[in-house]
Amino acid sequence: NADVAMYHAKENGRNNYQFFSEELNVYHKNRLSIENDLRSAILNDELVIYYQPQFNAELNEIIGFEALLRWEHPIKGLLSPDQFINIAEASGLIVPIGAWVLEQACKQAYEWSQRGTKPYRMAVNLSALQFNHKNLSEQVLHALEVSGLNPSLLELEITESAIIQNINETLALLVSLKGLGINLAIDDFGTGYSSLSYLKNFPIDTLKVDKSFIDEIVTNKKDAAIAQTILQLADNLGLLSVAEGVETKEQVAGLTEMGCTQFQGFYFSKPLPVELVDMLID
Ligand code: C2E
Ligand code: MG
Ligand code: MG
Ligand code: MG
């Protein structure tokens, strides 16, 4: 983190300061250039959404998709969110970008649900800034209206950290979102700082078990215990759960034994461009 580096550099005296300030310079230049490029990315049609299927392993069928943002940068090539989401968030650009993703994903879900043999759920990620933006409900309503998507097919993914940033207004916001008829999921569940009492008070539908608990679920008893506890917690509260980042059949077997039925991960499918999903559901 640049600010922390700057602080320590100052603490440690002049030479270090110069050393760090050069690094910082490069860091800031790169960051600024990405921020500038990002400003024009929407207008230039450089943002694209990949869709990762979510599976019901019992029925062996696709139940929905998660919309995952990509950026086809004219020079740097295909960028994943880790390479630009922080900058989008810090600059506020995530608000218009997020609104675009939401609308686009709803339109796509509507199209697939019309064409496929059954409706598909569409999960869309919300950043903390979007979540705390005053027009969120209007944005969601707008996306539903222009797309024609049945609200029950939309699931918004929120992180624990987004929820606790503005805890006083969260309940009212979640209730108003639920009032639109959509679903709410907590993403990366178990990695944040939220309290279990939120699950009691907030109208949440789904817990997504974070990949970090799944990775070593077969070999690490603690990870297995945590994953099992989250799955049971969801079940006991009448919530759905999705295991994220599932990569092997051993993980599927272990999770199935724990009662997990909904899966998302490379074992089933990577995030796919629209054309490939088109072929999958036809
Ligand atoms: P996330 O919402 O937790 O999404 C899951 C991430 O895990 C995705 O990374 C997905 O490609 C990856 N993944 C899924 N299955 C596997 C697996 O089996 N193995 C491995 N190694 N990875 C797997 P991705 O697409 O790079 O997105 C990273 C994060 O960026 C997302 O994490 C989400 O927090 C954020 N993000 C993506 N799209 C958007 C967006 O439209 N808006 C906002 N605000 N954030 C987004
Ligand atoms: Mg997500
Ligand atoms: Mg996640
Ligand atoms: Mg994540």
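Here are two short exercises on the ligand sites of this predicted model.

Residues are numbered from 1 along each chain as written, and chains are lettered from A and ligands numbered from 1 in written order. In this predicted model, local features need pLDDT of at least 70 and side-chain atom pairs count only at pLDDT 80 or more, while totals for chains, interfaces and linings use all residues; side-chain values use heavy atoms, without hydrogens and water.

**Exercise 1.** Find which side chains have a polar atom close to an oxygen atom of ligand 1, using polar contacts (pairs of N or O atoms within 3.5 Å).

*Solution.* Start with asparagine 125: an N or O atom of its side chain is 2.8 Å from an oxygen atom of ligand 1. Next comes aspartate 187, with a polar side-chain atom 2.8 Å from a ligand 1 oxygen. Then take glutamate 244, where the corresponding distance is 3.3 Å.

**Exercise 2.** Work out which residues hold the magnesium ion (ligand 2), counting as donors the N, O and S atoms within 2.8 Å of the metal (3.2 Å for Na, K and Ca), with water not among the atoms, so sites may look incomplete.

*Solution.* First, list the protein donors: Glu66 (OE), Asn125 (OD1), Glu157 (OE) and Asp187 (OD), at 1.9 to 2.3 Å. Second, place two of them on strands (E, DSSP runs of at least two residues, numbered from the N terminus). Glutamate 157 lies in strand E5 (residues 154–159) and aspartate 187 in strand E6, so this pair ties together parts 30 residues apart in sequence. Finally, look at the neighbouring metal: aspartate 187 bridges the magnesium ions ligand 2 and ligand 3, which lie 4.0 Å apart.

Methods
A polar contact is a pair of N or O atoms within 3.5 Å; within protein, one must be able to donate a hydrogen and the other to accept it, and residues adjacent in sequence count only if both atoms are side-chain atoms. Helices (H or I, at least four residues) and strands (E, at least two) are DSSP runs, numbered from the N terminus.
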